[in-house]
Amino acid sequence: MTLLIATPIRAAELWAAQVTLGYAESVRALSHEMPIKTVVTYALDVVRARNRVVGIVLGNADFADVTHVLWWDDDNWPEDRSIVGKMLALDLPVVGAAYTNKSRPVRFVHQPWPGNKFTLDERGCLDVRAVGFGFTMTSVACLRQMAEKARDYWDESIAMRCPDIFGQLYEDHALPGGEDVDVLLSEDYSFCKRWREDHGGKVALYGGGVISHAGAHGWNARDVVPT
């Protein structure tokens with residue numbers, strides 16, 4: 001297996017981007033521990049940035065040997081870097097690490113199935129509706145399968161066609177009073193919705209490590225208040 005780390009950078013210019021030290025040091029150290037390739041893209045919005053990664057990985061011969069992509073945002077870092085190898089060994093189409101938002105009230109970013117308790121299987125995984133893509137691994141086979149069905153568009157910045165597999169989707173939502181409304185999903189939830197509904201895939205959550213999410217504080221699972 002060959003791993004590629006993909007990080008959408010939020011900056012007008014790549015070298016002007018500000019990333020957390022936790023992210024930078026973790027990627028640097030990991031590069032000495034296992035063979036990895038990296039793709040760092042920047043865009044005015046994360047939808048185009050993530051689609052750009054897919055276009056580069058699937059359309060560039062330099063990445064023909066890549067089997068998995070770790071979507072790793074520049075404000076996240078693992079407490080133990082061995083989680084990367086453990087997630088890779090699972091060899092799942094879509095598996096995300098459990099991490100939280102970065103403000104109070106602190107909550108996990110993934111979407112569980114209604115009524116599904118946080119009970120991990122023998123692999124340390126849980127079947128969920130969706131995961132955030134701050135620290136999520138996908139197989140290239142999964143990306144290729146989704147790209148074949150997606151609408152392509154031309155990305156002038158890299159002079160390449162990109163499949164729109166992260167474009168935001170709508171989903172039905174029932175308000176407490178019973179009214180049905182549409183909600184606009186984030187790009188990562190939209191990816192998971194496409195994978196589940198259009199391709200019959202499953203989304204796994206891996207609970208075998210702690211991921212910190214940088215805000216004014218390094219938010220992680222220990223900040224969640226049980227309800």
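# Notebook: two pockets, a three-stranded sheet and a hairpin

I began with the second largest pocket, whose lining by class holds eleven nonpolar, two polar and no charged residues. The model I am reading is a predicted one. For the volume of this second largest pocket I have about 260 Å³. I noted 13 residues lining the second largest pocket, with Ile9, Leu14, Trp15, Val19 and Val40 closest to its centre. I then listed the elements that give two or more residues to that lining: E1, helix H1 (21-31) and strand E2 (36-42).

**Largest pocket**

Next I turned to the largest pocket, which encloses about 380 Å³ of space. I found 25 residues in its lining, and those nearest the centre of the largest pocket are Val46, Arg50, Asp73, Glu187 and Asp188. Sorted by class, the lining of the largest pocket comes to twelve nonpolar, five polar and eight charged residues. I also looked up which elements contribute at least two lining residues each: strand E1 (3-9), helix H2 (46-59) and helix H5 (187-199). I note that E1 is listed for the largest pocket and also for the second largest pocket.

**Sheet E4-E13-E14**

I moved on to an open sheet of three strands, ordered E4-E13-E14, with antiparallel pairing. Its edge strands are strand E4 (76-78) and strand E14 (218-219), each of which pairs on one side only.

I took the two pairings in turn. E4 and E13 are antiparallel and share three bridges. Within this pair, Trp77 lies opposite Ser212 of E13. E13 and E14 also run antiparallel, joined by two bridges. Here His213 faces Trp219 in E14, and Ala214 has Gly218 of E14 as its bridge partner. I recorded E13 and E14 as a hairpin with three residues between the strands.

Which residues cover the two faces of E13? I have Ile211 and His213 on one side, Ser212 and Ala214 on the other, and all of them are buried.

**Ser212**

I picked Ser212 for a closer look; it sits in strand E13, residues 211-214. Is Ser212 buried or exposed? I put Ser212 down as buried because its relative accessibility is 9%, and the cut-off for buried is under 20%.

I checked the side chain of Ser212 for polar partners and found a polar contact of 3.4 Å with the side chain of Asn220. Leaving aside residues up to four places away in sequence, I listed what Ser212 touches: Asp75, Asn76, Trp77, Gly218, Trp219 and Asn220. Asn220 therefore appears in my notes both as a contact of Ser212 and as its polar partner, at 3.4 Å between side chains, with Ser212 itself buried at 9%. Trp77, also on the contact list, is the residue opposite Ser212 in the E4 and E13 pairing.

**Hairpin E8-E9**

Last, I looked up strand E8 (residues 152-155) and strand E9 (residues 160-163), which are antiparallel and paired over four bridges. In this pair Tyr153 stands across from Cys162 in E9. How many residues lie between E8 and E9 in their hairpin? I have four, and in the turn Ala159 has a positive phi of about 50 degrees.

Definitions and conventions
Residues are numbered from 1 along each chain as its sequence is written. This is a predicted model: local features need pLDDT of at least 70, side-chain atom pairs count only at pLDDT 80 or more; totals for chains, interfaces and linings use all residues. Side-chain values use heavy atoms; hydrogens and water are left out. On a 1 Å grid over the protein atoms alone, a cavity is a set of points where a 1.4 Å probe fits but cannot get out, and a pocket is an open set with protein on both sides within 12 Å along at least five of seven lines; lining residues have an atom within 4 Å of a point. Grid points are joined across faces, edges and corners, and a volume is the space filled by probe spheres set on the points. Ala, Val, Leu, Ile, Met, Phe, Trp, Tyr, Cys and Pro count as nonpolar, Asp, Glu, Lys and Arg as charged, and the others, Gly among them, as polar. Buried means under 20% relative accessible area, exposed over 50%, partly exposed in between (1.4 Å probe, protein chains only). A polar contact is a pair of N or O atoms within 3.5 Å; within protein, one must be able to donate a hydrogen and the other to accept it, and residues adjacent in sequence count only if both atoms are side-chain atoms. Contact means heavy atoms within 4.5 Å. Two strands pair if DSSP finds at least two bridges between them.
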